[in-house]
Amino acid sequence: MTKTGRPPRRAWIARLGPQGEIDLDRAASPRAIVDDAVARVGADPVRWAIELNSAVLRRIVGEVPALGGSPAAVEMLRRGNEATTLRALFTLAEGPAAAPPADEAILEGIREFVHRAIPLERVLHGVRVGHAATTEAFLRACAELVGPEDAVDEVTAISRELFSYVDELSDTMIRTYLAEHEVWSTSAAAARADLVRSLLSDAASMDVDEASRALGYNLRRTHEAVVVWSDSPKGGSALQAAAIEVLRARGATTTLVIPVASGRLWAWGTVPPDGTDGTHPAGSWETITEALSRQRMRAAFGTPGSGVAGFRRSHREAERGERVERLRREAGRAPRHATAYADVAAIALLATDLDAVGDFVRRELGGLAARGAPMEALRTTLYHYIGAERSLVDVARRLHVARGTVTYRVKRAQEVLGHDLDDRRFALHTALALAEELGDAVLLPRDADR
């Protein structure tokens, strides 16, 4: 029954259900909205919509990556797309008039895209991708749940109603985008963000002193860049405060902070030109890690560089460090709250082309590239064994295992490899390092099921 007590306009909608175990608590929408949806169409159809949203979200981000970009941005996209999926469900179950106006979750995402300088055509591309995937799912469900004598008429009606629905939604989104763009494009924050993006893409055409005055930040000094992000789509001011705190801990005297997405920002600090190689004193690094951990945030630091060239290079390094951390997270590795590019530079550079890197790792490791805890233990032990110049004592201490265990694992790993450890030692150690850091991202072909 619907909220009004009438049976649903389409009885088969009430028979929709997820393929997997979907808890309503997994919904991206607030609980009150979920409860209202359950009251209107039933719990199983809402679970079906939540499951569908996850699949649609993957397709959108896969085809239009710019709409993602960070865990927080993806979460915001998930929330907005779930709202559109539920509205589509109401439209089919109760009629077009039953769908509520586009709610804040949808419009919030559109405003976010404006602030991230994502062109309207890419936003609409994402809408089309999402609409196509959602329509496919509804039509597939209809074909399974509706009798053959009614299927053709029902499929035609569904296609027509969903097209009308997404047309109206697109119109609302376009109006919201253009209105927000008009406001944002005249704001000081937008001007600063545009100037920084120009510096990062084409610094040669810039007047450095004029840009410094506009930003309130001396571009001729030595800079250390940091990217700070959080899994939460909220907390912009908290992110800014965290960025300033960690840069101050690094010795920065002035800072420049540019929010670039929900839950993600770029920042720079002017640091002493002391010839540092990008390593971090233990004291400051511990302070930074503790502060970020406490606030459930992560940060990746570039190495210091002077002038506009250093401003750009340090930022590129920070983004590469961030990418390594995202790959490690996908691989199920324990998260690091603070990452220094100097510590991950080799991995970052080697992992630029993941397809090629994966081919290299699997070729060098052979049977050692197989998934599973036993083979992972062999890889980890061999990686540390080669790095420790074959010191059983050092490896046993580091891995908290007996020396005999190290000996057995090294011997077994060599048997799996089928050749002596001194054969192609550098390539072997490099492949082991990549597997240690990135896991399935390099152990499995990119198109394999994970």
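Start with the largest pocket: 28 residues line it, and those nearest its centre are Val61, Ser70, Val74, Arg326 and Glu330. Keep in mind as you look around that this is a predicted model. The space in that pocket comes to about 1200 Å³. Three helices, H2, H3 and H11, each put at least two residues into the lining. Sort the lining residues by class and you get seven nonpolar, five polar and 16 charged.

Now zoom out for a moment. The chain has 450 residues, and buried ones make up 50% of them. Its secondary structure adds up to 18 helices and six strands. Lay a box along the principal axes and the C-alpha atoms fill roughly 75 × 65 × 35 Å. If you take the contacts between residues at least 6 apart in sequence, 73% of them join residues at least 24 apart.

Back to one of the pocket's helices. H2 covers residues 43-63, and with 21 residues at 1.5 Å a residue it should span 30 Å; the C-alpha atoms at its ends are 30 Å apart, so the model agrees with the expectation. Quite a list of H2 residues is buried, including Pro45, Trp48, Ala49, Leu52, Asn53, Val56 and Ile60. What do these buried residues pack against? Their partners are helix H1 (31-41), helix H3 (71-94) and helix H5 (120-145). Read along the buried list again and you'll spot Trp48 and Leu52, then Asn53 and Val56. A general point about helices helps here: an α-helix has 3.6 residues a turn, so residues three or four places apart point the same way.

H3 and H5 turn up again in the next stop, an enclosed space. There is one cavity of 30 Å³ or more in the model, and its volume is about 350 Å³. Of the 26 residues lining this cavity, Asn81, Thr84, Val127, Leu169 and Met173 are the closest to its centre. Two or more lining residues come from each of H3, helix H4 (104-115), H5 and helix H6 (148-185). How many charged residues does the cavity lining have? It has no charged residues; the lining is made up of 16 nonpolar and 10 polar ones. Set that beside the pocket, where 16 charged residues sit in the lining.

Next, the salt bridges. The count comes to 29, and a few are worth a closer look. Take arginine 264 and glutamate 319, whose side chains meet with N and O 3.1 Å apart. Arginine 264 is in strand E3 (residues 264-270) and glutamate 319 is in helix H11 (residues 307-330), so this pair ties together parts that are 55 residues apart in sequence. Is arginine 264 buried or exposed? Its relative accessibility is 12%, which puts it among the buried residues, given that buried means under 20%. Glutamate 319, at 28%, counts as partly exposed. The pair isn't on its own, either: Arg264, Glu319, Glu322 and Arg326 are linked in a network of salt bridges. You have already met Arg326, one of the residues nearest the centre of the largest pocket.

A second salt bridge joins arginine 371 to aspartate 440, with the closest N and O atoms 2.9 Å apart. This one links distant parts of the chain, 69 residues apart: arginine 371 is in the loop between helix H13 (354-365) and helix H14 (373-387), while aspartate 440 belongs to helix H18 (residues 440-443). Arginine 371 is partly exposed, at 47% relative accessible area.

For a local example, go to helix H16 (residues 403-417). Glutamate 415 and arginine 412 both lie in that helix, three residues apart, or about one turn. Their side chains form a salt bridge, 3.3 Å from N to O. Both ends are partly exposed, glutamate 415 with 48% and arginine 412 with 34% relative accessibility.

Finally, two backbone oddities in loops. Alanine 117 has a positive phi, near 60 degrees, though it is a residue other than glycine. Alanine 117 sits in the loop between H4 and H5 and is partly exposed at 43%. Histidine 400, also not a glycine, has a positive phi of about 60 degrees. Look for histidine 400 in the loop between helix H15 (392-399) and H16. With 73% relative accessibility, histidine 400 counts as exposed.

Methods. Residues numbered from 1 in each chain as written. Predicted model: local features only at pLDDT ≥ 70, side-chain atom pairs only at ≥ 80, totals over all residues. Heavy atoms only, no water. Helix = DSSP H or I, 4+ residues; strand = E, 2+ residues; numbered from the N terminus. Expected span 1.5 Å × (residues − 1). Buried < 20%, exposed > 50% of the residue type's maximum accessible area, 1.4 Å probe, protein only. Contact = heavy atoms within 4.5 Å. Salt bridge = Lys/Arg side-chain N within 4 Å of Asp/Glu carboxyl O. 1 Å grid on protein atoms, 1.4 Å probe; cavity = no way out; pocket = protein on both sides within 12 Å on 5 of 7 lines; lining within 4 Å. Points joined across faces, edges and corners; volume = space filled by probe spheres on them. Nonpolar A, V, L, I, M, F, W, Y, C, P; charged D, E, K, R; others polar.
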